[in-house]
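Subject: Handover of a structure

Hello,

Please find the structure below, with the sequence alongside. My notes on what was found in it follow.

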Amino acid sequence: MKKDHIQNKIRTLRFFKDEMTQKQLADEIGVTRQTVAAIESGKYSPSLELAFRISNVFKVTLDEVFTYDLSKDKFKKK
């Protein structure tokens, strides 16, 4: 199930980091390539710790990697 309210820029960040592969990123953050692919495609939301590891690899803040669209959140108070 795709989580439309959580988006990320991992693919773009990998491209600008010498076209880093999913496998290279996975090795740096301690997960499988499949996990990186699932996060990139929005099929899996990383733990907070893993999100920080990802942002540290690219030397950017969390909100430069992940964005949260509150308007699509089903738990949003009306």
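**Notes on the model**

Leaving aside residues up to four places away in sequence, Lys9 touches Glu64 and Val65. Please keep in mind that this is a predicted model.

Lys9 sits in the loop between β1 and α1. Its relative accessibility is 43%, so Lys9 counts as partly exposed. The C-alpha atom of Lys9 is 6.6 Å from that of Phe66, although 57 residues separate the two along the chain. Asp63 is another residue far from Lys9 in sequence: they are 54 residues apart, and their C-alpha atoms are 9.7 Å apart in space.

Asp63 itself belongs to helix α5. With 56% relative accessibility, Asp63 counts as exposed, the cut-off for that class being over 50%. Its side chain forms a polar contact of 2.4 Å with the side chain of Thr61.

**The chain as a whole**

There are five helices and two strands in the chain. In sequence order they give the pattern β-α-α-α-α-α-β. The radius of gyration is 13 Å, close to the 12 Å that the globule rule gives for 78 residues, so the chain is as compact as a globular protein of that length. The C-alpha trace spans about 45 × 25 × 20 Å along its principal axes.

Some further totals for the chain:

- Of its 78 residues, 29% count as buried.
- Among contacts with a separation of 6 or more, 59% are between residues 24 or more positions apart.
- The accessible surface is about 5700 Å², and carbon and sulfur atoms hold 54% of it.
- The chain carries 16 positive and 11 negative charges, and the mean positions of the two sets are 7 Å apart.

**Helix α3 and its surroundings**

Which residues of helix α3 are buried? In this helix, which covers residues 33-40, they are Val36, Ala38, Ile39 and Glu40. These buried residues pack against both β1 (6-8) and β2 (66-68), and also against the helices α1 (10-16), α2 (22-29) and α4 (48-58). After α3 comes Gly42, which has a positive phi near 80°.

Glu40 appears again in two side-chain contacts, one with a residue of α1 and one with a residue of α2.

The α1 residue is Arg14. Is Arg14 buried or exposed? Its relative accessibility is 6%, so Arg14 counts as buried. The side chains of Arg14 and Glu40 make a polar contact of 2.5 Å. Not counting residues up to four places away in sequence, Arg14 touches Glu19, Met20, Thr21, Gln22, Leu25, Glu40 and Phe58.

The α2 residue is Gln22. At 18% relative accessibility Gln22 counts as buried, because the limit for that class is under 20%. Between the side chains of Gln22 and Glu40 there is a polar contact of 3.3 Å. With residues up to four places away in sequence again left out, Gln22 touches Arg14, Arg33, Val36, Ala37 and Glu40. Gln22 and Arg14 therefore appear in each other's contact lists, where contact means heavy atoms within 4.5 Å.

**Two loop residues with positive phi**

Most residues other than glycine have a negative phi. Two residues in the loops of this chain are worth a look on that count.

Asp18 has a positive phi, near 55°, and is not a glycine. It is placed in the loop between α1 and α2. Asp18 has a relative accessibility of 75% and so counts as exposed.

Lys59 also has a positive phi, about 55°, without being a glycine. Its place is in the loop between α4 and α5, the latter covering residues 62-65. At 73% relative accessibility, Lys59 counts as exposed.

**Where to look**

If you want a place to start in the viewer, I suggest Glu40, with its side-chain polar contacts to Arg14 and to Gln22. After that, turn to Lys9, which touches Glu64 and Val65.

Regards

Key
Residues are numbered from 1 along each chain as its sequence is written. This is a predicted model: local features need pLDDT of at least 70, side-chain atom pairs count only at pLDDT 80 or more; totals for chains, interfaces and linings use all residues. Side-chain values use heavy atoms; hydrogens and water are left out. Buried means under 20% relative accessible area, exposed over 50%, partly exposed in between (1.4 Å probe, protein chains only). Helices (H or I, at least four residues) and strands (E, at least two) are DSSP runs, numbered from the N terminus. The radius of gyration is taken over C-alpha atoms; the globule rule is 2.2 Å times the number of residues to the power 0.38. Accessible areas come from the Shrake-Rupley method with a 1.4 Å probe; for residues, only the protein chains shown count as cover. Lys and Arg count as positive and Asp and Glu as negative; His and the chain ends are not counted. The place of a charge is taken as NZ of Lys, CZ of Arg, CG of Asp or CD of Glu. A polar contact is a pair of N or O atoms within 3.5 Å; within protein, one must be able to donate a hydrogen and the other to accept it, and residues adjacent in sequence count only if both atoms are side-chain atoms.
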